[in-house]
Protein chains: 2
Amino acid sequence: MKENISLNNSEWCIMEALWQEQPKTLMQLVYEMKEKQGWSKSTTGTMLRRMQEKAYIRFEEGEKARLYFTDLKREKVVLKETESFLNRAFGGSLGLLVNTFAENNQLTEKDIEELKQILHKAEEKREEN
Amino acid sequence: MKENISLNNSEWCIMEALWQEQPKTLMQLVYEMKEKQGWSKSTTGTMLRRMQEKAYIRFEEGEKARLYFTDLKREKVVLKETESFLNRAFGGSLGLLVNTFAENNQLTEKDIEELKQILHKAEEKREEN
DNA sequence: CAAAAAGGTTGACAAATGTAATCCTTTCTG
DNA sequence: CAGAAAGGATTACATTTGTCAACCTTTTTG
């Protein structure tokens, strides 16, 4: 369904809050956003409304307050965003990204080990099929 | 100087055109953007103006037309953007990004080999110091 | 030269984004 | 109960982004 799920900054914040734990009520989100973003109550309210319009989130009536949910899977959204970012910045090449980091000494020993592990696992996974 | 270099889509297009080859004249850019983005001449003109205001690009008077330059280094911009993307989507962890790709079978045999190579080189580089 | 193309500037408008104040209703709580 | 807090809807306004049309000047070219 949703093709172009592309979240802007503010939307990410709300989504992260929901992905971290679902559902949440208006006031819960208001408090969180006040903390993290310094948003006023109405700002959070407006975001919620707009995100419903885009069908990123929905709510169900709770006993007292509405319960906000998202049906988008974090993994999916993150993958999509990553792909489009990769396309923009690295012609779609993950290798190029990693390489850029490597070249600029952004990789610690630990990072390298971690990445090797990951690749190792990935290889095994490929062989399974 | 420039702290928050954060390019939007349209700005990327122009920047890519300049990074690919510098300097370029208005008309050169107009043609390229017409091709790639379907922009009208004035759209490209406006982008150029706005990007000058943000000091992403500048021009020098050429013999006839102005010559547009950018002083931003692609590497730098890309690194910054990557970091902020990584923060947003993966809590700053490159490993998590690669892992997500791996888990979702987005990595081909070739990708894996390439990445290994890169890590190998990165290790050697670290040892040098 | 006169028309066409290139070069360049302004003003404009819609949509998206960031941020909130107001106001109303329902529900707690001292 | 009466005031405070929670819950919610509306309206609003500035900025940024995406896109141009118009218009003017300078070059080029048939």
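**Exercise 1. Determine how the lining of the largest pocket in this predicted model divides by residue class, and which elements contribute to it.**

Solution. Begin with the classes: the lining of the largest pocket holds 5 nonpolar, 9 polar and 6 charged residues. Next, locate the centre of the pocket, which is lined by 20 residues, with A:Ser6, A:Leu7, A:Glu81, A:Arg88 and B:Arg88 lying nearest that centre. Then turn to the secondary structure, where helix H4 (74-90) of chain A and helix H4 (74-90) of chain B each supply at least two residues of the lining, while the largest share, 6 residues, comes from H4(A). Finally, the volume of this pocket is about 620 Å³.

**Exercise 2. Describe the surface near DNA strand D, and identify which side chains place polar atoms by its base oxygens.**

Solution. First, list the surroundings: 20 residues surround DNA strand D, and the closest are A:Met27, A:Arg66, B:Ser10, B:Ser42 and B:Thr46. By class, the residues of this surface divide into 5 nonpolar, 7 polar and 8 charged. As for the elements, H2 and helix H3 (41-53) of chain A, together with helix H3 (41-53) of chain B, each supply at least two residues, and H3(B) gives the most, with 4 residues.

Second, consider the strand itself: of its atoms within 4 Å of the protein, 56% belong to sugar or phosphate and the rest to bases. At the bases, a polar side-chain atom of A:Lys41 lies 3.0 Å from a base oxygen, and an N or O atom in the side chain of A:Arg49 is 3.2 Å from a base oxygen. At the backbone of the strand, an N or O atom in the side chain of B:Trp39 is 3.4 Å from a phosphate oxygen.

**Exercise 3. Locate the cis peptide bonds at A:Pro23 and B:Pro23, and the positive phi values at A:Asn105 and B:Asn105.**

Solution. Start from the expectation that most residues other than glycine have a negative phi, and that most peptide bonds are trans. In chain A, a cis peptide bond with omega of about -15° joins A:Gln22 and A:Pro23, and A:Pro23 is found in the loop between helix H1 (9-20) and helix H2 (26-37). In chain B, a cis bond joins B:Gln22 and B:Pro23, with omega about -15°, and B:Pro23 lies in the loop between helix H1 (9-20) and helix H2 (26-37) of that chain.

Now take the asparagines. A:Asn105, although not a glycine, has a positive phi of about 55°; its place is in the loop between helix H5 (94-103) and helix H6 (109-128) of chain A. For B:Asn105 the positive phi is about 50°, and this residue is found in the loop between helix H5 (94-103) and helix H6 (109-128) of chain B. To assign exposure, apply the cut-off of over 50% relative accessible area: A:Asn105 is exposed at 57%, and B:Asn105 counts as exposed at 57%.

Technical notes:
Residues numbered from 1 in each chain as written. Chains lettered and ligands numbered in written order. Predicted model: local features only at pLDDT ≥ 70, side-chain atom pairs only at ≥ 80, totals over all residues. Heavy atoms only, no water. 1 Å grid on protein atoms, 1.4 Å probe; cavity = no way out; pocket = protein on both sides within 12 Å on 5 of 7 lines; lining within 4 Å. Points joined across faces, edges and corners; volume = space filled by probe spheres on them. Nonpolar A, V, L, I, M, F, W, Y, C, P; charged D, E, K, R; others polar. Buried < 20%, exposed > 50% of the residue type's maximum accessible area, 1.4 Å probe, protein only. Near = heavy atom within 4 Å. Polar contact = N/O pair within 3.5 Å; in protein donor to acceptor, adjacent residues only side chain to side chain.
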